Every structure is written in C-alpha cells, then in structure tokens.
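Here are a few friendly notes to read alongside the model. Keep the 3D view open and look for each element as you go.

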Amino acid sequence: MKLFVVALLISSFLSLRTEAAPELLDSVSVIVDQGVVLESQIAELVTVVKRNAAENNQTLPADRVLRTQAIEKLILDNLQMQMAERMGIQISDPQLEQTIANIANGEKMSIAQFREKIAQEGVTYDTYREEVRKELILGEVRRANVRRRVYITQQEIDNLVKLIDEQGDQQAEYNLGHILIEFPVDPTDADIEQSKIRADKVLELLNKGSDFSKIATASSGGARALEGGDLGWMNINSMPTLFAEAIQDKSKDDLIGPIRSGAGFHILKIKDLRGIEKVEVEEINARHILIAPSIILSDEKAKKMLSEFREQVLAGEADFAELAKEHSADPGSALKGGELGWSEPSKYVVDFRNALENLEIDEISQPVKTQYGWHIMQLLGKRVGDITEQRKQDKAYQLLFQRKFAEESDIWLREIRASAYIEVLPQQGE
C-alpha cells in the first residue's frame, strides 16, 4: 500500500512540472553539502501539498510555513541521494519495471493502461520511471544505513509471541495523528524547557478545537508533517514502544501527550481505531531449478536444459532434488534440493507465482522465464491457516523490526541533517 501511495504522490508531483515550469524562474535556494535544492523543487512540492490538501478537504498553514517544511524534506532527500551515490546504490531497469508492474497490478491495470493513465496526467513515462527509481534508491539508502542499527534479542521475540498469544485473534489497530515538537541533537536544559512550553501550547490549542492536521503541518518536526501528521493505520505491536504504552485504554479522538523522547515532545491523536479480523492465509510449498542464461549459455539452451530435466524426472531417470543441487543457480534453495519452504504466494515474482498457481500438487511445470532466468518448478503442497511456531516467531521479529527501524530511521535522519553543511540562501526581495 505504501508503494501505491508513493506512486500517486509521484504522479501528482510530475504533472505539476508541466503546468508550473513555464512560470518558474529557477535558482539555487539551498546548498546541501555537495548538492543544491532548487527554487522550482520547493515550489513544486508546496503546490503538490496544497493540491492534496484541497482534494482531502484539509486546511493548511501559511505559505511560509509550508515552504519551511518543504525545504526540510528536500534537504533530507538530497542528503540521502548524495549518500546513495557515494555507496554506489543503483536500481536496475528490471527491478524498476517489476516495481512499476506491481504498482499497476495494485491499481488493477495492465502496463499499457497504466502508461496511458500517466500520459493523461501530463507526465512522460520515462520521467515517471526515474522518479520511481529515486524513491526506490531512497528506500535502499535508509535500509542500508539503519538496518545495522536495529538489534533484536530472542527474549524480545519470545515476549512478543507470548503477548500476541495472550491477546488472541482480536487486536486493535489505531489510526494515529502525530506532532513532534523537537529539540536539537544535544539539547541544553533551556532547549528542552522551550520545547516543553511549545508542546503545552500546541496541546492547549488542540483541546480548544484547533485543526490537528493544520497544526501538525505548521509545527511538527516529524517525518509526516506535510501529510498533516497522519501516521496511518498501525498495529499496537508495530508502533514505537513509547506510543504503544501511551495509547493503552484510550478512545477515538483522545489527545495524548506531551510525551518526551530523545527527539523531543510528542503529541498523539487517536483519529480512529478498529479490530482485526482473523485472516486465513494460504501458503504453498514448492521447489524449483533455476538456470540463468549467460555469455556461454544462450537463452534457448537454458530453456532446453530445463525441458530435458523435466522429461528425465517424469520418466524416473533423474531425481528433481539431485538435479537442483547440481545445476540450480539459486544458492538459497539448491543445497535443499531446490525446496523453497512454506510461504505466501505473494513472495514470488509475478511470472513465477502465476505458474505455481496453475499447478496441481506434485505437478512439474514447463520451463518458465522470469527476470532471474528460466525455471522449472514443482508444487509440493498447499495449506490454509497452518500457523507454526516458527511463523509466530517470524511475525514477532517483523513487528519488532518495523518498530525499531522506524525509531532508528528518525534518529539517523536527524543525525545526518545535523552533521551536514546546510545554507539556506535568501529569497529574491529579502
């Protein structure tokens, strides 16, 4: 879902370039280490925020406040793109096309229909592709730098598994609004006191009926300030620990805070809540043999090899697992006889998943091509709702990782912002 939201924002952002570009006199507005933020980028982002606010009937603060928030977002994006260049992070064309195919599939469109939709919004497909590539690169930079800061103990996993078991199938999900009144990386007592005074004033305004989204956009130092502080729907086990503890036993529309953390003072609003229905998940177990074409192995020969392997297995002349161990180019499964283990079908790329879904138990497919090469696959089994202890452990790990990754991401962004050389140049007329 996040990917779909990003795609829509990109589309809105790009369509504005066609409309606004002729009226913009471009200039450098911010120096960011070895890069710059242009005035046109700031203006475009502010206009996108205004357009989205109008579509959602959301009130916004003054243009000067919006401009400040837009500059901060663009500074962070710029710093991360510079880091990506130094790290050599790139997104290949096959990766990019697969991502766009997933976006189109999520909107129930073919690639041709999706391209037509983009064109109708005044954006060229090549331009759209590069904006998606940029979003993917930003995600890779964050993962590469933040993942190693996240440490999860087995005790934490066991404790969460126990908590989930105690909660049973019915759990609460919260739609949270968030305002962060931040203080510097190394705050003095005076800095903390001033932030506390501001936070108390913000809470007072909210209690008197002021619009939460407007105040969040104007005052928040959080990552979602330009979205009115909307954090979306969150399970209590995946949100930051500080928030999870604070919202216990709270109701819809309750305001919570100020809550102090290392970043500043947080104010939360429970915009809505809902229960989670039990969902039965179908899992499949399969095995495959992958042959990757190369300079010395043509595409056609790779396909022919797999056709021959298939015939040998069907005739009883060869064993699927032994062929996988000897020939498969997938190191993760080859040593296990090609077995991929139990997983949801959505884990696999589209062509691979579609082929598996058309197989009967124990049936071996014809050669199938994906972005990784040619495969033959065998469906070993299906099951519904068989949640093993390992699956519970995996779920607990992912929830903990999401929580800690979000917390560490905010800290990391503040650190790279604090250590960078930033110079905001005066606007014309100032």
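**Notes on the fold and one of its sheets**

1. Let's start with the overall picture. The protein chain has 15 helices and eleven strands. Do keep in mind that this is a predicted model.

2. Next, the inside and the outside. The protein chain has 430 residues, and 42% of them count as buried. About 23600 Å² of the protein chain is exposed, with 50% of that area supplied by carbon and sulfur atoms.

3. Now for contacts along the sequence. Take the contacts in the protein chain between residues at least 6 apart in sequence: 71% of these join residues at least 24 apart.

4. Here is a sheet worth finding. Four strands make up an open sheet, in the order β8-β7-β10-β9, with antiparallel pairing. Why do β8 and β9 each have one side without a neighbour in the sheet? Both β8 (339–343) and β9 (368–370) stand at the edges and have a single partner strand each, so one side of each is left without a neighbour there. On average, neighbouring strands of this sheet are turned by 40° against each other, direction ignored.

5. Let's zoom in on one edge. β9 pairs with β10 (residues 373–384) in the antiparallel sense, over three bridges. In this region, lysine 369 stands opposite tryptophan 374 in β10. As a general reminder, strands of a sheet pair through backbone hydrogen bonds, either parallel or antiparallel.

6. Finally, which helix packs on this sheet? Helix α11 (residues 299–314) does, touching β7 (282–291), β9 and β10. The direction of α11 makes about 45° with that of β10.

Definitions and conventions: Residues numbered from 1 in each chain as written. Predicted model: local features only at pLDDT ≥ 70, side-chain atom pairs only at ≥ 80, totals over all residues. Heavy atoms only, no water. Helix = DSSP H or I, 4+ residues; strand = E, 2+ residues; numbered from the N terminus. Buried < 20%, exposed > 50% of the residue type's maximum accessible area, 1.4 Å probe, protein only. Contact = heavy atoms within 4.5 Å. Areas by Shrake-Rupley, 256 points an atom, 1.4 Å probe, with all protein chains shown as cover. Pairing = 2+ DSSP bridges. Axes fitted to C-alpha atoms, helices over the stretch in contact; angles between N-to-C directions.
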